[in-house]
Amino acid sequence: YRELNNEYNRISQEFSRINGEIDAYTKHKTELENKLKYIEDRLKELRKSVEVHKAMDILVNKLLGRDGVLAKLLTVEARRLIELYTNRILNDLGLDFNIDIDESFDIGVKSSGGGLDIRSLSGGEMVALAIALRIATAYTIFGRLPGFFVLDEPTQFLDLTRRKTLFEIIKRVSERVPQVIVVTHDAEVIDLADKVFYVNKIGG
C-alpha cells in the first residue's frame, strides 16, 4: 500500500508538473500566435506602403520630376504661351518682328526680312521685347495679370512714337492690374499716373 501510495504521489506530482508545462506552453503558444498575427498584419501594411512608394517614385521621377512627362508637357506649354503672348504684345507695340522660343528657352527673332540675331535689335526694340516678355510671363504663370506690376525705366531707348504706344500699353495694363508702378525719368508718364512720387536729391 505504501509503495503504491508513494508511486501515486510521485506520478501525481509528475502529472501536475507536465500539466503546468502544458499550460505554460499553451499560454506561450497563444502569445506567439498573437505576435505572429501582428507581424502578418504589419507585413501587409508595409507591403502596401512599399507598393505606394513604388507608385510615388514613378509619379515623382517619371511624371512630376524635373525631367518627368508632366514637367516636359508643362514646359512645352509654358514656352508656347510665352511666345504667343509676347508676339501679341509686340504686335500691339507696332513692332515689325516676332520671336521664337526654342527648347532651351533661347529667343530667336523673325522679321519680314527673315531671321535676326537678337543682338541686332536696337536699344528701343530690346526694351520693348523685355516688357513684352515680362507681361507674357505673368500671363503664363498666373493665367491672368498679377496683383501689381513694376516697370523700371520702360521708356528708355524708345523713340517718341513707340513711347506713346508704350504709354497706351501701360494704360491698358493698369485697367486690369490693381497697381502698376513705373519708375522713370520720363515726365510724360505723369499724365497717365493716379499718384506721382517725386524723388529728389537734397543737399548732395
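The protein carries 30 positive and 32 negative charges, and the mean positions of the two sets are 4 Å apart. These values, like the others below, come from a predicted model. The accessible surface amounts to about 15,600 Å², and carbon and sulfur atoms account for 56% of that area. Of the 204 residues, 24% count as buried.

The overall dimensions come next. Along the principal axes, the C-alpha atoms fill a box of roughly 135 × 50 × 35 Å. The radius of gyration is 39 Å, whereas a compact globule of 204 residues would have one near 17 Å. Among contacts with a separation of 6 or more, 50% are between residues 24 or more positions apart.

The protein has four helices and five strands. Read from the N terminus, their order is α-α-β-β-β-α-β-α-β.

Helix α1 spans residues 2-64, and R42 is found in it. R42 has a relative accessible area of 36%, so it is partly exposed; the partly exposed class lies between the 20% limit for buried and the 50% limit for exposed. From R42 to A187 the distance is 74 Å, taken from C-alpha to C-alpha, and the two are 145 residues apart in sequence.

The next part to follow is the run of strands β1, β2 and β3. Strand β1 covers residues 97-101 and strand β2 covers residues 107-111; the two run antiparallel and are joined by five bridges. One of the bridge pairs puts D100 opposite G108 in β2. Five residues lie between β1 and β2, which form a hairpin. F105 is in the loop between these two strands. With a relative accessibility of 36%, F105 counts as partly exposed. Its phi is positive, at about 65 degrees, although F105 is not a glycine. Most residues other than glycine have a negative phi.

From β2 the chain goes on to strand β3, residues 114-116, and three bridges join these antiparallel strands. Here S111 has G114 in β3 as its bridge partner. β2 and β3 also form a hairpin, with two residues between them.

Helix α3, residues 123-142, contains E125. Is E125 buried or exposed? Its relative accessible area is 15%, and E125 is therefore buried, since the buried class takes in values under 20%. Apart from neighbours within four places in sequence, E125 is in contact with L95, D96, F97 and R162. Of these, F97 belongs to β1, whose residues are 97-101, and R162 falls within α4, given as 160-176.

Two strands remain. Strand β4, residues 148-152, has a covered face made up of F149 and L151, while F148, V150 and D152 are on its uncovered face. This follows a general pattern, because side chains in a regular strand alternate between the two faces of the sheet. β4 pairs with strand β5, residues 179-183, in the parallel sense over five bridges. In this pairing, F148 stands opposite Q179 in β5.

After β4 comes a loop that leads to α4, and E153 lies in that loop. E153 has a phi near 50 degrees, again a positive value in a residue other than glycine.

Notes
Residues numbered from 1 in each chain as written. Predicted model: local features only at pLDDT ≥ 70, side-chain atom pairs only at ≥ 80, totals over all residues. Heavy atoms only, no water. Pairing = 2+ DSSP bridges. Rg over C-alpha atoms; globule rule 2.2 N^0.38 Å. Buried < 20%, exposed > 50% of the residue type's maximum accessible area, 1.4 Å probe, protein only. Contact = heavy atoms within 4.5 Å. Areas by Shrake-Rupley, 256 points an atom, 1.4 Å probe, with all protein chains shown as cover. Lys, Arg positive; Asp, Glu negative; His and termini not counted. Charge placed at Lys NZ, Arg CZ, Asp CG, Glu CD.
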